[in-house]
Amino acid sequence: MNEMELRGEMARQGFTVAKLAESIGIGKKAMSAKLTGKSDFRQSEIKKISTVLNLDNARIIAIFFAA
């Protein structure tokens, strides 16, 4: 997961960690843990984030599946 890419996308669209967490139905602490790599995003969470942030397939791959 590329934290900086996701945080950049969040900033461009005016989302804070708390706001994005709320929009996908998880807590702020859980979102922070996922962003920092302490836990992984579930497939359902990736789908919700991609919908909320209107990410195309290339952005989804660059953010969530980058090595």
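Which backbone nitrogen does a side-chain oxygen of Asn2 reach at the start of H1? The backbone nitrogen of Met4, with the oxygen coming to within 3.3 Å of it. Such a pair fits the idea of a polar contact (N or O atoms within 3.5 Å; within protein, one must be able to donate a hydrogen and the other to accept it, and residues adjacent in sequence count only if both atoms are side-chain atoms).

Before going on, a word about what you're looking at. This is a predicted model, where local features need pLDDT of at least 70, side-chain atom pairs count only at pLDDT 80 or more, and totals for chains, interfaces and linings use all residues. Residues are numbered from 1 along each chain as its sequence is written, and side-chain values use heavy atoms, with hydrogens and water left out.

**The helices and the core**

Labels like H1 are for helices (DSSP runs of H or I, at least four residues; strands are runs of E, at least two), numbered from the N terminus. The largest nonpolar core has 18 residues. A nonpolar core here is a set of buried Ala, Val, Leu, Ile, Met, Phe, Trp, Tyr and Cys residues joined through side-chain atoms within 4.5 Å. As for "buried", that is under 20% relative accessible area, while exposed is over 50% and partly exposed is in between (1.4 Å probe, protein chains only). Helix H1 (3–12), H2, H3, helix H4 (43–52) and helix H5 (57–64) each give two or more residues to this core, and the largest share, 4 residues, comes from H2. Among the residues with the most contacts inside the core are Leu6, Phe41 and Ile49.

Take Phe41. Not counting residues up to four places away in sequence, Phe41 touches Met1, Leu6, Met31, Lys34, Leu35, Ile46, Ile49 and Phe64, where a contact means heavy atoms within 4.5 Å. Ile49 lies in helix H4 and counts as buried because its relative accessibility is 0%. Leaving aside neighbours within four places in sequence, Ile49 is in contact with Leu6, Leu20, Ile24, Met31, Phe41, Asn54, Leu55 and Phe64.

**Two helix pairs**

Two packed helices are described by the angle between their axes and the distance between the axes. The axes are lines fitted to C-alpha atoms, for helices over the stretch in contact, and angles run from 0 to 180 degrees between N-to-C directions.

H2 (residues 17–24) and H3 (residues 28–35) have axes that come within 8 Å and cross at roughly 105°. That makes H2 roughly perpendicular to H3. The cut-offs are under 35 degrees for roughly parallel, over 145 for roughly antiparallel, 65 to 115 for roughly perpendicular, and oblique for the rest. On the H2 side the meeting residues are Val17, Ala18, Leu20, Ala21 and Ile24, and on the H3 side Lys28, Met31, Ser32 and Leu35. By class, this contact has 7 nonpolar, 1 polar and 1 charged residues. Ala, Val, Leu, Ile, Met, Phe, Trp, Tyr, Cys and Pro count as nonpolar, Asp, Glu, Lys and Arg as charged, and the others, Gly among them, as polar.

H1 and H5 pack at an angle of about 130°, with their axes 8 Å apart, and are therefore oblique to each other. Here Glu5, Leu6, Glu9 and Arg12 in H1 meet Arg59, Ile63 and Phe64 in H5. The residues of this contact divide into 3 nonpolar, no polar and 4 charged.

**Some residues to find**

| Residue | Where | Relative accessible area |
|---|---|---|
| Glu9 | helix H1 | 10%, buried |
| Glu45 | helix H4 | 7%, buried |
| Val17 | helix H2 | 15%, buried |
| Asn54 | loop between H4 and H5 | 67%, exposed |

Glu9 has company among the buried residues of H1: Leu6, Gly8 and Met10 are buried too. What covers the buried residues of H1 includes H2, H3, H4 and H5. The side chains of Glu9 and Gln13 are joined by a polar contact of 3.0 Å. Farther along the chain, Glu9 touches Leu53, Leu55, Arg59 and Ile63, with residues up to four places away in sequence not counted.

Now for Glu45: its side chain reaches the backbone nitrogen of Arg42 at 2.7 Å. Val17, for its part, is in contact with Arg7, Met10, Lys28, Met31, Ser32 and Leu35, leaving aside neighbours within four places in sequence.

Two backbone details round things off. Gly14 follows H1 and has a positive phi, near 80°. Asn54 is not a glycine, yet its phi is positive as well, at about 55°.
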